[in-house]
Amino acid sequence: MKRILSWSLAVLLACGAGLIVYFYATTGIYGLNVLLRRGGSIWPAVVADDRRLSPSMRLALSDHVPAIAAGELSWDQIRPGFQVGELPVLADGHEVDRILLTKVDPQYFRFAVRNEPSGDRDLQDWMKETGAALVINGSYYGMKGRPDTPFLSDGAELGPSEYDGAHGAFVASADGARLVDLAGSTWQQAFAGADNALVSYPILIGADGKSRTKPSHWLANRSFVGSDDAGHIVLGTTRDAFFSLDRLAGFLRRSPLHLSLALNLDGGPVACQGVSLGGFERDFCGDWELAVRDNALYLLQPLIGRRRWALPIVLAVFPK
């Protein structure tokens, strides 16, 4: 019996070591931290009325989705050039989602993008390390935690050097910050003169007032960056996962935010927004992502525990 137990333990240890070696080979330090710090994730199949989905998600997947409208929006100024607010999303008069908003005037605040591929920093780690007034998740990253799109951080070029960017870019320098619709230019042109920049997709509101999204049942917590008619940068994160990207684009176009451009950022559990300024605190990260593959629905769920996801890519805001 002792020999059998010893053999079984040796097999388990070998399997565990093999799993760690595999994760490191395919995902680097980022994958190891995902496994060891957060416990990994699974994608079980679900149905449209599954009780594991939030009520808002079940409504969004139903055969008769009611028309949605924006609730009352008010802004609170925390400091000149920095306002926070929340925009209710209403269906038949009932709240189905809520967008956490921050509006920033580039005249008073500067922007930076950061990448940490080790996967060891969540939202609060970034807030504490940078001392930023705001941190929001950025664009997409690969299996090793590095940018999947062109990326400029304090003048250092990261991400792919060859990339066909057809959607949008956020660019910032000492002179200000803006969004660029890449339909009429290249990302290299957009990055010219910038110190910090990133490319993301899809465009939710383009220069022509239209979105470049496709209808889908892919639901998730969402983050976006936009610019309004006055040149302010507007950052938003949804509390729930009512929105597919095409539905979010339509809502933003009709909303009282007066956005001239809007660009989607990464979504799901990495859809995070933290604010710490003038006594105001916000600390939010999403819970939801529902994928669609071959007309089947799959819900992202933690394998062990519920620790927050690390954020390899963030957009941070600092007072000038």
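In which strand is Ala296 found? In this predicted model, Ala296 belongs to strand S22, which covers residues 296-299. With a relative accessible area of 25%, Ala296 is partly exposed, because a residue is called buried under 20% and exposed over 50%. Although Ala296 and Val47 are 249 residues apart along the chain, their C-alpha atoms are separated by 8.0 Å.

The loop between strand S21 (289-293) and S22 contains Asp294, and Asn295 lies in this loop between S21 and S22 as well. The backbone of Asp294 has a positive phi, near 55°, in a residue other than glycine, and Asn295, which is likewise a residue other than glycine, has a positive phi near 65°. Asp294 counts as exposed, at 78% relative accessibility, and Asn295 is exposed too, with a relative accessible area of 79%. Another backbone feature is found in the loop between strand S13 (196-200) and strand S14, where Pro202 lies; the peptide bond that leads from Tyr201 to Pro202 is cis, and its omega is near -5°.

The structure holds 1 disulfide. A disulfide is a covalent bond between the sulfur atoms of two cysteines. Here the partners are Cys272 and Cys285, whose sulfur atoms are 2.1 Å apart. Cys272 lies in strand S19 (residues 272-277) and Cys285 in strand S20 (residues 280-285), so the bond ties together parts of the chain that are 13 residues apart in sequence. Because the torsion about the S-S bond of Cys272 and Cys285 is about 120°, the disulfide is right-handed. Cys272 and Cys285 are both buried.

Strands S19 and S20 also appear in the surroundings of helix H3, since the buried residues of H3 pack against S19 and S20, together with strand S7 (109-115), strand S8 (134-137) and strand S24 (313-319). Helix H3 spans residues 123-130, and within this helix Leu123, Trp126 and Met127 are buried. Viewed down the axis of H3, these buried residues fall within an arc of 100°, so they line one face of the helix. The N-terminal end of H3 is capped by Asp122, which has a side-chain oxygen 3.2 Å from the backbone nitrogen of Gln124. After H3 comes Gly131, which has a positive phi, near 65°.

A further helix, H5, runs over residues 245-254, and its buried residues are Leu248, Ala249, Gly250, Phe251 and Leu252. The elements that cover the buried residues of H5 include strand S3 (68-70), strand S5 (82-91) and strand S6 (94-104), and also strand S14 (203-205), strand S16 (223-228) and strand S18 (259-264). Strand S14, which is thus among the elements covering the buried residues of H5, is one of the two strands joined by the loop that holds Pro202.

Empty space within the model was also examined. Rolling a probe the size of a water molecule over the atoms shows where empty space is left. The structure holds 2 cavities of 30 Å³ or more, and about 80 Å³ of space lies in the largest cavity. The lining of the largest cavity includes Tyr30, Asn33, Val34, Arg37 and Arg38, as well as Gly119 and Asp122, and it is completed by Arg307, Arg308, Trp309 and Ala310. Asp122 therefore has two roles in this description, because this residue caps the N-terminal end of H3 and also lines the largest cavity.

Definitions and conventions: Residues numbered from 1 in each chain as written. Predicted model: local features only at pLDDT ≥ 70, side-chain atom pairs only at ≥ 80, totals over all residues. Heavy atoms only, no water. Disulfide = S-S within 2.5 Å. Helix = DSSP H or I, 4+ residues; strand = E, 2+ residues; numbered from the N terminus. Buried < 20%, exposed > 50% of the residue type's maximum accessible area, 1.4 Å probe, protein only. Arc of directions from axis to C-beta. Contact = heavy atoms within 4.5 Å. Polar contact = N/O pair within 3.5 Å; in protein donor to acceptor, adjacent residues only side chain to side chain. 1 Å grid on protein atoms, 1.4 Å probe; cavity = no way out; pocket = protein on both sides within 12 Å on 5 of 7 lines; lining within 4 Å. Points joined across faces, edges and corners; volume = space filled by probe spheres on them.
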